[in-house]
Amino acid sequence: MSTAIDRLVEACRSGNCPALVARLPSGWAIMGERQVLPGYCLLLPDPVVPHLNVLAAAERDRFLADLGRLGDAVLAATGAVRINYAIFGNLEPALHAHVHPRYAHEPPAMRSNNPWAYDWSQGPAFDVVQHAALRDAIRSHLTTT
């Protein structure tokens, strides 16, 4: 089965993903398609697998360590107050992890809500011109840690 995750990983492999942040030991860090929370990223495993529990212990540890590294980089690059992490795979049945920076300037009702409470259809789409500096800052933090 080909999922959006499979297609994104293939785009990263072929150098055709403008949202690509970095190649990590377990896969690919990319900026999210919608930047509702600036700096929103995903970690995609390579190779693509259905879910976290099919990975052998060492591969799982590597993926989760990379997820933490990506969160550290997003935190450093954005000045967010915290990072929210999510792994679901219900809509796209392939392992991928979400990294959501959370900000002090978010509306009070949203600060303690989950990131999907925002209207993502109204969020700014990733734009290479608009978001390149933030993408590159996250990349820089990943490559220096």
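**Exercise 1. Is Phe 88 buried or exposed, and what is its relative accessible area?**

*Solution.* Begin with the origin of the coordinates: this is a predicted model, in which local features need pLDDT of at least 70, side-chain atom pairs count only at pLDDT 80 or more, and totals for chains, interfaces and linings use all residues. Residues are numbered from 1 along each chain as its sequence is written, and side-chain values use heavy atoms, with hydrogens and water left out.

Next, fix the classes: buried means under 20% relative accessible area, exposed means over 50%, and partly exposed lies in between, with a 1.4 Å probe and protein chains only. Phe 88 has a relative accessible area of 53%, and therefore it is exposed. Gly 89, by contrast, is buried, because its relative accessible area is 18%.

**Exercise 2. Describe where Gly 89 lies and which residues it touches.**

*Solution.* Helices (H or I, at least four residues) and strands (E, at least two) are DSSP runs, numbered from the N terminus. In these terms, Gly 89 belongs to the loop between strand E4 (82–86) and strand E5 (97–102). Taking contact as heavy atoms within 4.5 Å, and not counting residues up to four places away in sequence, Gly 89 touches Ala 94 and His 96. The C-alpha atom of Gly 89 is separated by 9.5 Å from that of Leu 52, which is 37 residues apart from it along the chain.

**Exercise 3. Work out how the strands pair, beginning with E1 and E2.**

*Solution.* Two strands pair if DSSP finds at least two bridges between them.

- Step 1: strand E1 (residues 20–24) pairs with E2 in the antiparallel sense over four bridges, and a hairpin of two residues joins E1 to E2. Leu 24 has Gly 27 in E2 as its bridge partner.
- Step 2: E2 also pairs with strand E3 (residues 41–45), in the antiparallel sense and over five bridges, and here Ala 29 stands opposite Leu 43 in E3.
- Step 3: E3 and E5 run antiparallel and are joined by three bridges, with His 98 in E5 as the bridge partner of Leu 42.
- Step 4: E4 and E5 pair over five bridges in the antiparallel sense, and the bridge partner of Arg 82 is Arg 102 in E5.

**Exercise 4. How many residues of E2 and of E5 are buried?**

*Solution.* In strand E2 (residues 27–31), five of the five residues are buried, so E2 is largely enclosed by the rest of the structure. In E5, six of its six residues are buried. In a regular strand the side chains alternate between the two faces of the sheet. On one side of E5 are Ala 97, Val 99 and Pro 101, on the other His 98, His 100 and Arg 102, and both faces are covered.

**Exercise 5. Which aromatic pairs are found, and what does each link?**

*Solution.* Rings of Phe, Tyr and Trp (its six-membered ring) pair if their centres lie within 6.5 Å; planes under 30 degrees apart count as stacked, over 60 as edge-to-face and the rest as tilted. By this rule there are two aromatic pairs. The ring centres of Tyr 40 and Trp 120 are 5.2 Å apart and their planes stand at 70°, so this pair is edge-to-face. Tyr 40 lies in the loop between E2 and E3, and Trp 120 in the loop between helix H3 (108–111) and helix H4 (128–143), so the pair ties together parts that are 80 residues apart in sequence. Tyr 40 and Trp 120 are both buried.

The other pair, Phe 88 with Trp 116, is edge-to-face, at 5.5 Å centre to centre and 70° between the planes. It links the loop between E4 and E5, which holds Phe 88, to the loop between H3 and H4, which holds Trp 116, 28 residues apart. Trp 116 is partly exposed, with a relative accessible area of 37%.

**Exercise 6. Check the length of helix H2 and locate its buried residues.**

*Solution.* The expected span of a helix is 1.5 Å times one less than its number of residues. The 22 residues of H2 (residues 57–78) should therefore span 32 Å, and the end C-alpha atoms are 31 Å apart, which agrees. The buried residues of H2 include Phe 63, Leu 67, Leu 70 and Val 74. Seen down the axis of H2, the buried residues fall within an arc of 165°, so they line one face of the helix; the arc is that of the directions from the helix axis to the C-beta atoms. The face of H2 turned away from the buried side carries the exposed residues Ala 57, Asp 61 and Asp 72.
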